[in-house]
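Visitor: I should like to learn how to read the packing of helices in a structure. Could you take me through an example?

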Amino acid sequence: MGKNKAKLMIVTIFLLLLMGSVTYFAKISSEPKTLTIGVYTGSYWDVPQGDSYHMIDYVVKKFKKRYPNVRVIYESGITKTNYRSWLADSLVKGTEPDVFIVPTNTFNILASDGALLDLNGYIRHDKFKTSDFYQAALESGQYHNQQLALPFEVNPNLMVVNTSLLAKAKLKIPNFNWQPTQLELLNKKLRQKDYYGVTENFNWQAAVNSYQGQLFTSDGTKSQLTSNKVMQGLNLITEIVQLNNNVNVTSAMFDQGKVAFSPMTLAQYRTYTSYPYHVTRNSNFNWDVIKMPSMSKKRGTKLANVSFGISSHSRNATLAWQFMKLLVSKDVQTELIKYSQGVSPLKKIAQSTAMKKMLVSEGSNLTTQKLNAILNSGNVEPKFKKYYSVMDDADYQVENGLQSGKLETEVFEMQNHLNEELK
């Protein structure tokens, strides 16, 4: 009897503990949770924009309908200029948001330091269709085979052509897919007629990119500044600068009809052509839109992006993932068309009737077919921790070499210097 009583007492205590645990966890799960979001005010692309919080408020409202017991908050008033330092401070203090915009120039650092949650597990569990995204846009959030961020909006580079100027100079308008060798030839012929070929926005990095030059090895241990493709790009930009006699060929000169080509981001172009902003420009010429020059139809377009990631220390990671999925849902991405000058990273939205109507309403020469081709040719910046800091150094050195006319003789020294930086 004594043994039976002891067993009964043990079972009773176990059941009471179990009931208490169930009650406790039920209480915890029913208590309101808070999901924090990190965003900044103003345009993602530094162009005029209306209500900069419309999209985040739109997503929060939809999220609240699905999860009424979850409180979603974000700190307003953080400017794009201050956002990076604000995020860095919050990461140091351990108060970073659950979901936040990942600044492009700190993505590699955050990724290498383990600050971002790997989304691959959620992607596999939910059978989330990554194939819905443009490949380069999706890869922008990858680091060492981990998907650490998802693109919310992208902003590709494109080339605007003054077709009236080329006709006046009796030169043929390049095809949509054209090569840097054609730009080089047209620039020479235009300078002979006292016109300018391309604005300063076509810089040395764009020239190198047009030849698919890789400035660094994939692991980020060595500079490849003197490699064949990189040198072809540097020779192209050197020739352009020399033919211009170091004249700073500005966007204003393009507006005045003095320049044949001007690289722009999609956001700049949509602002440039749309009412009311276009009324401030000189419109005494016709223009068209083509891809940036490239030796290949693939990977020839610089593709800027705004991406969101989840903190690796988030206590609400599952809820954060549900919020992330909502950011790239069909409904939210369709709403984005109305309120931003970039474009959706989702193929079907970028090619949708809604996007087509928006481009037409803006008086754009850009079609969804052209936009699709541009987005399919996007490239991805290297993924190693020091990339952005060493690129700043490379930019400073190459620009100085171009201005002094000593780039060709100093390029080996520049490469050695960058190699030291990469150690």
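Guide: Certainly; please note that this is a predicted model. Let us begin with one pair of helices: the axes of H2 (residues 54–66) and H13 (residues 317–327) come within 10 Å and cross at roughly 125°.

Visitor: Which term describes H2 relative to H13?

Guide: An angle over 145 degrees would count as roughly antiparallel. At roughly 125°, H2 is therefore oblique to H13, and their crossing is right-handed.

Visitor: Which residues of H2 and H13 meet?

Guide: From H2 come Ile56, Val59, Val60, Lys62, Phe63 and Arg66, and they meet Leu319, Gln322, Phe323, Leu326 and Leu327 of H13. By class, this contact holds 8 nonpolar, 1 polar and 2 charged residues.

Visitor: What is the general idea behind nonpolar side chains and burial?

Guide: In soluble globular proteins, nonpolar side chains tend to be buried together. Here the largest nonpolar core has 127 residues, of which Phe202, Trp204, Phe261 and Phe323 touch the most other members.

Visitor: With which residues is phenylalanine 323 in contact, leaving aside its neighbours within four places in sequence?

Guide: Phenylalanine 323 contacts Leu35, Ile37, Ile56, Val59, Val60, Phe63, Val72 and Val99. Among these, Ile56, Val59, Val60 and Phe63 lie in H2.

Visitor: At what angle do the axes of H2 and H14 cross?

Guide: The axes of H2 and H14 (residues 330–339) cross at roughly 155° and come within 10 Å, which means that H2 is roughly antiparallel to H14. This crossing, too, is right-handed. His54, Met55, Tyr58, Val59 and Lys62 of H2 meet Asp331, Val332, Glu335, Leu336 and Tyr339 of H14, a contact with 6 nonpolar, 1 polar and 3 charged residues.

Technical notes. Residues are numbered from 1 along each chain as its sequence is written. This is a predicted model: local features need pLDDT of at least 70, side-chain atom pairs count only at pLDDT 80 or more; totals for chains, interfaces and linings use all residues. Side-chain values use heavy atoms; hydrogens and water are left out. A nonpolar core is a set of buried Ala, Val, Leu, Ile, Met, Phe, Trp, Tyr and Cys residues joined through side-chain atoms within 4.5 Å. Buried means under 20% relative accessible area, exposed over 50%, partly exposed in between (1.4 Å probe, protein chains only). Contact means heavy atoms within 4.5 Å. Axes are lines fitted to C-alpha atoms, for helices over the stretch in contact, and angles run from 0 to 180 degrees between N-to-C directions. Helices (H or I, at least four residues) and strands (E, at least two) are DSSP runs, numbered from the N terminus. Angles under 35 degrees count as roughly parallel, over 145 as roughly antiparallel, 65 to 115 as roughly perpendicular and the rest as oblique. A crossing is left-handed if the near helix is turned anticlockwise from the far one by less than a right angle, and right-handed if clockwise. Ala, Val, Leu, Ile, Met, Phe, Trp, Tyr, Cys and Pro count as nonpolar, Asp, Glu, Lys and Arg as charged, and the others, Gly among them, as polar.
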